[in-house]
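Here is an informal walk through one protein model. Have the sequence and the 3D view open as you read.

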Amino acid sequence: MIRAITVSGPRYVLKASGSYKLVRVRTPQRRIAVTHMVAHLGGGDTIPMTAGENLSALRVVMPSPSGAIYADASSILTSKLLGITTTSATAGQAVQVKVSGIVSDALWSWVPNDTIWLGSNGMLTSIPPSSGVAARVGIAMTATSIAIQIHQPIVLS
């Protein structure tokens with residue numbers, strides 16, 4: 001995964017962090033080419049895992065000895081988040097987990113720029129938890145897509 005890009009020239013400067021985030025662009029003439037380059041880099045990474053339990057698509061998972069299992073905001077055992085499942089699987093089968101980039105679903109209705117949090121049983125929510133574990137998993141880019149930005153979970157009191 002690309003963590004930082006810096007492109008400099010006599011008439012523009014681009015700085016990007018992560019695989020999709022455009023931080024600063026000078027000289028509007030370069031904006032279209034630069035935005036295209038950053039969007040192209042934002043494809044993200046998907047890793048194959050073994051499902052440690054029956055899993056649905058578009059849920060947040062974490063590792064366990066048996067494979068990927070649902071992360072849960074109510075459990076302080078949620079320590080390391082892997083990503084968001086892009087496929088469903090029964091226990092023991094292969095499941096695809098997207099760890100960076102953009103995830104979309106036509107049935108979502110997020111508010112753009114809202115923070116997306118881990119909810120119960122791996123569900124995604126725009127409502128921050130008030131107890132258990134606060135784990136930010138992304139930012140809503142559009143009503144039907146989120147940019148994955150997994151942060152270390154914080155145990156709430």
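What follows goes from the overall make-up to the sheets, the cores and a few side chains.

## The model and its make-up

This is a predicted model, in which local features need pLDDT of at least 70 and side-chain atom pairs count only at pLDDT 80 or more, while totals for chains, interfaces and linings use all residues. Residues are numbered from 1 along each chain as its sequence is written, and side-chain values use heavy atoms, with hydrogens and water left out.

The protein chain carries one helix and 15 strands; these are DSSP runs numbered from the N terminus, with H or I and at least four residues for a helix, and E and at least two for a strand. It has 157 residues, and 39% of them count as buried (under 20% relative accessible area, with exposed meaning over 50% and partly exposed in between, using a 1.4 Å probe and protein chains only). Take the contacts (heavy atoms within 4.5 Å) with a separation of 6 or more: 50% of them come from residues 24 or more positions apart.

## The sheet from E4 to E6

One open sheet has five strands in the order E4-E8-E7-E5-E6, with antiparallel pairing; two strands pair if DSSP finds at least two bridges between them. At its edges are strand E4 (46-50) and strand E6 (67-70), each pairing on one side only. On average, neighbouring strands here are turned by 50° against each other, direction ignored. Those axes are lines fitted to C-alpha atoms (for helices over the stretch in contact), and angles run from 0 to 180 degrees between N-to-C directions.

Now zoom in on strand E5 (residues 60-64), which runs antiparallel to E6 and is joined to it by four bridges. The two form a hairpin with two residues between them. Across this pairing, valine 61 stands opposite tyrosine 70 in E6. Tyrosine 70 has another partner too: the charged end of arginine 59 sits over its ring, 4.9 Å from the centre. The rule for that asks for NZ of Lys or CZ of Arg within 6 Å of the ring centre and within 35 degrees of the ring normal.

## The sheet from E9 to E11

Another open sheet of five strands has the order E9-E14-E13-E10-E11, again with antiparallel pairing. Strand E9 (101-104) and strand E11 (124-125) have a single partner strand each, so one side of each is left without a neighbour in the sheet. E10 and E11 pair over two bridges, with leucine 118 having leucine 124 in E11 as its bridge partner.

On to E13: three bridges join E10 to E13, and isoleucine 116 stands opposite glycine 138 in E13. E13 and E14 pair over four bridges, and a hairpin joins them through two residues. In that pairing, threonine 142 stands opposite serine 145 in E14.

## Two nonpolar cores

Which residues have the most contacts inside the largest nonpolar core? They are Val60, Leu118, Leu124 and Ile146, in a core of 18 residues. A core here is a set of buried Ala, Val, Leu, Ile, Met, Phe, Trp, Tyr and Cys residues joined through side-chain atoms within 4.5 Å. E5, strand E10 (115-118), strand E13 (136-142) and strand E14 (145-148) each supply at least two residues of this core.

Beyond its neighbours within four places in sequence, leucine 124 is in contact with residues including Leu58, Val60, Trp108, Trp110 and Ile146. A second, separate core of nine residues includes Ala51, Leu55, Leu82 and Val95.

## A tryptophan pair and an aspartate

Rings of Phe, Tyr and Trp (its six-membered ring) pair if their centres lie within 6.5 Å; planes under 30 degrees apart count as stacked, over 60 as edge-to-face and the rest as tilted. That gives one aromatic pair. The rings of tryptophan 108 and tryptophan 110 have centres 5.7 Å apart and planes at 55°, so the pair is tilted. Both tryptophan 108 and tryptophan 110 are buried.

Aspartate 114 is found in the loop between E9 and E10. Is aspartate 114 buried or exposed? Neither: its relative accessibility is 29%, so aspartate 114 counts as partly exposed. Leaving out residues up to four places away in sequence, aspartate 114 touches Ser126, Gly138, Ile139 and Ala140. The C-alpha atoms of aspartate 114 and alanine 140 are separated by 5.4 Å, with the two residues 26 apart along the chain.
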